[in-house]
Amino acid sequence: MSIYEYQMRMKAFNLGRIDKEYVMHQQAWLNHQVTLTKEQGKKQVPIYKRFEDFFDYKKRIKEVEHDEKREITPQIRKMAQIAAVVNGGRR
């Protein structure tokens with residue numbers, strides 16, 4: 001392995017570690033959000049009473065499915081043709 005290859009592998013490794021740190025910090029933030037409370041009268045009550053109040057799984061699934069059903073417009077078709085020509089494909 002050359003020095004350049006070693007440096008690139010180390011850079012990739014370090015960037016991967018940063019990605020893992022990012023996920024850990026997101027998890028810590030979410031853990032904090034779940035424990036939030038609000039004052040109701042003289043007592044503190046949780047903001048999120050159910051998990052679905054915090055994360056709506058079905059809603060997120062519908063959002064992803066909606067994105068997949070997006071119609072192909074003439075502009076998107078033209079951009080795909082240009083990308084195919086640039087990448088050496090046929091028209």
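These are my notebook entries on what I looked up in this predicted model.

**Entry 1: confidence**

I began with the confidence of the prediction. The chain has a mean pLDDT of 87, and 92% of its residues reach 70 or more. I then went through the elements of the chain. Helix α1 has the highest mean pLDDT, at 94, and α3 has the lowest, at 82.

**Entry 2: the hairpin**

Next I looked up the strands. How do β1 and β2 run? They run antiparallel, and four bridges join β1 (residues 37-40) to β2 (residues 43-46). I noted two of the partners: Gln-40 is bridged to Lys-43 in β2, and Lys-38 has Val-45 as its bridge partner there. The two strands form a hairpin, with two residues between them. One point for my margin is Gly-41, which sits in the turn and has a positive phi of about 70°.

**Entry 3: Gln-33 and what it touches**

I moved back along the chain to helix α1, which covers residues 3-34 and holds Gln-33. Is Gln-33 buried or exposed? Its relative accessibility is 16%, so I wrote it down as buried, the cut-off for that being under 20%. I then asked what lies against this side chain's residue. Setting aside residues up to four places away in sequence, Gln-33 touches Tyr-48 and Phe-54.

Phe-54 deserved a look of its own. It belongs to helix α2 (residues 51-54). Along the sequence Phe-54 and Gln-33 are 21 residues apart, while their C-alpha atoms are 8.7 Å apart in space. Which residues does Phe-54 contact, leaving aside its neighbours within four places in sequence? I found Leu-30, Gln-33, Val-34 and Tyr-48. So Tyr-48 turns up in the contacts of Gln-33 and in those of Phe-54. Phe-54 counts as partly exposed because its relative accessibility is 24%.

**Entry 4: aromatic pairs**

With Tyr-48 and Phe-54 in contact, I checked the rings. The count for the structure is two aromatic pairs. Tyr-48 and Phe-54 make one of them, with centres 5.0 Å apart and 75° between the planes, which is edge-to-face. Tyr-48 has a relative accessibility of 27%, so I logged it as partly exposed.

Phe-51 and Phe-55 also form an aromatic pair. Their centres are 6.2 Å apart and their planes make an angle of 50°, a tilted arrangement. How accessible are these two rings' residues? Phe-51 counts as exposed because its relative accessibility is 55%, and Phe-55 is partly exposed, with a relative accessible area of 35%.

**Entry 5: salt bridges**

I searched the whole structure for salt bridges and have two to report. How far apart are N and O in the salt bridge of Asp-53 and Arg-50? The distance is 3.2 Å. Asp-53 is partly exposed, because its relative accessibility is 37%.

Glu-63 and Arg-60 form a salt bridge too, with their closest N and O atoms 2.6 Å apart. Why are Glu-63 and Arg-60 separated by about one helical turn? They are three residues apart in helix α3 (residues 57-68), which is why the gap comes to about one turn. As background for my own benefit, an α-helix has 3.6 residues a turn, so residues three or four places apart point the same way. Both partners are partly exposed: Glu-63 has a relative accessible area of 33%, and Arg-60 has 43%.

**Entry 6: helix α4**

My last stop was helix α4, which has 13 residues (residues 74-86). I wanted to see whether its span fits its length. At 1.5 Å a residue the helix should span 18 Å, and its end C-alpha atoms are 18 Å apart, so the two agree. Just after α4, Gly-88 takes a positive phi of about 90°.

Pro-74 has its place in α4. I put it down as exposed because its relative accessibility is 69%. How far is Pro-74 from Val-45, C-alpha to C-alpha? The two are 29 residues apart along the chain, and 52 Å separates their C-alpha atoms. Val-45 is the residue I met in Entry 2 as the bridge partner of Lys-38.

Notes. Residues are numbered from 1 along each chain as its sequence is written. This is a predicted model: local features need pLDDT of at least 70, side-chain atom pairs count only at pLDDT 80 or more; totals for chains, interfaces and linings use all residues. Side-chain values use heavy atoms; hydrogens and water are left out. Buried means under 20% relative accessible area, exposed over 50%, partly exposed in between (1.4 Å probe, protein chains only). Contact means heavy atoms within 4.5 Å. The expected span of a helix is 1.5 Å times one less than its number of residues. A salt bridge is a side-chain nitrogen of Lys or Arg within 4 Å of a carboxyl oxygen of Asp or Glu. pLDDT is the predictor's confidence in each residue, from 0 to 100. Rings of Phe, Tyr and Trp (its six-membered ring) pair if their centres lie within 6.5 Å; planes under 30 degrees apart count as stacked, over 60 as edge-to-face and the rest as tilted. Two strands pair if DSSP finds at least two bridges between them.
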